[in-house]
Amino acid sequence: MAGSTDGRVTAAVLIIGDEILSGRTQDTNLRDIARYLGVLGVDLAEARTVPDVQDEIVAALNALRERYDYVITTGGIGPTHDDITADAVAAAFGVELIEHPEILAMMSARWGVELNAARRRMARVPVGGELVKNPVQGPPGFTIGNVFVLAGVPTIMRGMLEDVGWRLRGGAVTVARTVRVEGSGEGVIAAPLEAVAKAHPDMSLGSYPFFGDAGYGSNLVLRSRDPEELARALDELVAALRSAGIDNVREIENA
């Protein structure tokens, strides 16, 4: 695990499944994970989506776990033949898969003593892995190294996340403030925004245009771990916009 060298705590998400790539299923897990990690001060730095192909899952997982502090995978831990995430994670770490006795006991209590082969697939965990609780339904996920393997079903994934957060080394939480500019396009606000961005290279400044019946403009979002610098930059941005003749400027509450 390499992780970040600038003091940030970073994470990546690996979304696994042909159904996501085909468009048959719309992914919402990335959004939920990003919001969850943000509260903990963990930066979601990259997201990848890969098909149900073991070699591709292994290659992506190895690249991400080497580069970032944590990797969260979603999908591919169900009972069918194409649920191969556990196989791929075991291959990436170079360990065997075992049927975890605690998972077998859970499933036996729910479905009876006789577990068919499909259900037993969901009990497989790489050697050295630890369970991630599933408070919703079905078997748990697991974690090994800096990788957390969660379900793809959004409600189940969100439940599993609650057993992930306490295991993460958090960082300073990023704070965001938003300036709304109405009636001016990005071409007009580009120069003031660029000037403030250059003066605060450690901050993130983004422009997000909007259009509608009520008019047009841009939401300028400033993000920083330093609230004092963030306040200074916001004041500088408002002043720069007004110096450029842009008066319809106001701060709005972040969603």
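## Aromatic pairing

In this predicted model, the count of aromatic pairs comes to one. The pair consists of tyrosine 70 and phenylalanine 148, whose ring centres are 6.3 Å apart and whose planes form an angle of 55 degrees, a tilted arrangement. Because tyrosine 70 belongs to strand S3 and phenylalanine 148 to strand S8, the pair ties together parts that are 78 residues apart in sequence. Tyrosine 70 and phenylalanine 148 are both buried.

## The sheet

Strands S3 and S8 are also neighbours in an open sheet of six strands, ordered S2-S1-S3-S8-S7-S6, with mixed pairing. Its edges are formed by strand S2 (42-50) and strand S6 (130-132), each of which pairs on one side only. On average, neighbouring strands of the sheet are turned by 20 degrees against each other, direction ignored.

Strand S1 (residues 9-16) runs parallel to S2 and is joined to it by eight bridges. Within these two strands, alanine 11 is placed opposite leucine 44 of S2.

## Helices across the sheet

Helix H3 (residues 54-67) lies across S1, S2, strand S3 (70-74) and strand S8 (147-150), and runs at about 165 degrees to S2. Helix H4 (residues 85-93) lies across S1, S3, strand S7 (141-144) and S8, running at about 10 degrees to S7.

## Charges over rings

The charged end of arginine 65 is positioned over the ring of phenylalanine 93, 4.0 Å from the ring centre. A further arginine, arginine 180, lies over the face of phenylalanine 210, at 3.9 Å from the centre of that ring.

Technical notes: Residues are numbered from 1 along each chain as its sequence is written. This is a predicted model: local features need pLDDT of at least 70, side-chain atom pairs count only at pLDDT 80 or more; totals for chains, interfaces and linings use all residues. Side-chain values use heavy atoms; hydrogens and water are left out. Two strands pair if DSSP finds at least two bridges between them. Helices (H or I, at least four residues) and strands (E, at least two) are DSSP runs, numbered from the N terminus. Axes are lines fitted to C-alpha atoms, for helices over the stretch in contact, and angles run from 0 to 180 degrees between N-to-C directions. Contact means heavy atoms within 4.5 Å. Rings of Phe, Tyr and Trp (its six-membered ring) pair if their centres lie within 6.5 Å; planes under 30 degrees apart count as stacked, over 60 as edge-to-face and the rest as tilted. Buried means under 20% relative accessible area, exposed over 50%, partly exposed in between (1.4 Å probe, protein chains only). A charge sits over a ring if NZ of Lys or CZ of Arg is within 6 Å of the ring centre and within 35 degrees of the ring normal.
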